[in-house]
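Trainee: I should like to learn how to read the features of a protein model. May we work through one together?

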Amino acid sequence: MRFETKQDLDRENNSANFFCGQFGFNKKKLGKNDIDFAIYDDQKILFYLEVKGRLKNINEAYPLPISVKKLTKINDKKKQSVILWACNDGIIFSRTEKLIGLIKIGGRKPRNGSFNDIEFMAYFDKSNNLKEIKY
């Protein structure tokens with residue numbers, strides 16, 4: 001069951017547009033069960049981008065969470081990738097190979113119909129490997 005709302009998808013798309021605009025990249029939305037975007041320049045895929053919503057301001061967003069399953073899916077692409085957290089007032093991002101974090105059971109309060117609300121999660125504290133840009 002999918003829990004993403006139109007507002008969630010708009011936030012994802014808007015933050016990816018902002019990110020691409022900062023660096024002159026183009027994006028292509030990938031399938032529902034894939035990583036969010038392929039980022040390219042002149043038709044060549046440069047890397048993959050996964051966008052995670054973070055309903056907090058940048059200064060309150062840490063530690064940054066992501067599912068270990070999602071990290072595995074990103075790694076399976078065998079190409080450079082970036083994770084971006086879309087905050088209320090900007091974005092936080094890093095190349096995945098530069099991330100250093102803590103893995104533990106976590107997630108969110110279980111929702112009816114969801115099987116992945118409590119799972120292995122990775123958490124990343126503020127570091128020099130994470131870049132922040134305010135809107």
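The dialogue below moves from the overall fold to single residues.

Mentor: Please bear in mind that this is a predicted model.

Trainee: How many helices and strands does the protein have, and in what order do the elements run?

Mentor: The protein has 2 helices and 9 strands. Read from the N terminus, the order is α-β-β-β-β-α-β-β-β-β-β.

Trainee: Which figures describe the chain as a whole?

Mentor: Of the 135 residues in the protein, 37% are buried. The accessible surface is about 8,500 Å², and carbon and sulfur atoms account for 50% of that surface. As for contacts between residues at least 6 apart in sequence, 56% join residues at least 24 apart.

Trainee: How are strands β1, β2 and β3 joined, and which residues stand opposite each other?

Mentor: Strand β1 (residues 26-29) and strand β2 (residues 37-41) run antiparallel and are joined by 4 bridges. Strand β2 is also joined to strand β3 (residues 44-53), again antiparallel, by 5 bridges. A38 in β2 stands opposite K28, and A38 has Y48 as its bridge partner in β3.

Trainee: What lies between β2 and β3?

Mentor: The two strands form a hairpin with 2 residues between them, and D42 in the turn has a positive phi of about 55°.

Trainee: How should one read the aromatic rings?

Mentor: A pair of aromatic rings is described by the distance of the centres and the angle of the planes. In this structure there are 9 aromatic pairs. Ring pairs link F19, F23, F25, F47 and F93 into a cluster.

Trainee: Which lysines lie over rings, and at what distance from the ring centre?

Mentor: The charged end of K29 sits over the ring of F37, 5.1 Å from the ring centre. K77 lies over the face of Y48, at 4.8 Å from the ring centre. Y48 is thus a residue to view twice, as it is also the bridge partner of A38.

Trainee: Let us turn to C87. Is C87 buried or exposed, and why?

Mentor: The cut-off for buried is under 20% relative accessible area. C87 counts as buried because its relative accessible area is 2%. C87 is found in the loop between β5 (81-86) and β6 (90-95).

Trainee: Which residues are in contact with C87, leaving aside its neighbours within four places in sequence?

Mentor: They are R11, R54, K56, N57, I58, A61, I92 and Y135. Take K56 from that list: K56 and C87 are 31 residues apart in sequence, yet their C-alpha atoms are 5.5 Å apart in space.

Technical notes. Residues are numbered from 1 along each chain as its sequence is written. This is a predicted model: local features need pLDDT of at least 70, side-chain atom pairs count only at pLDDT 80 or more; totals for chains, interfaces and linings use all residues. Side-chain values use heavy atoms; hydrogens and water are left out. Buried means under 20% relative accessible area, exposed over 50%, partly exposed in between (1.4 Å probe, protein chains only). Contact means heavy atoms within 4.5 Å. Accessible areas come from the Shrake-Rupley method with a 1.4 Å probe; for residues, only the protein chains shown count as cover. Rings of Phe, Tyr and Trp (its six-membered ring) pair if their centres lie within 6.5 Å; planes under 30 degrees apart count as stacked, over 60 as edge-to-face and the rest as tilted. A charge sits over a ring if NZ of Lys or CZ of Arg is within 6 Å of the ring centre and within 35 degrees of the ring normal. Two strands pair if DSSP finds at least two bridges between them.
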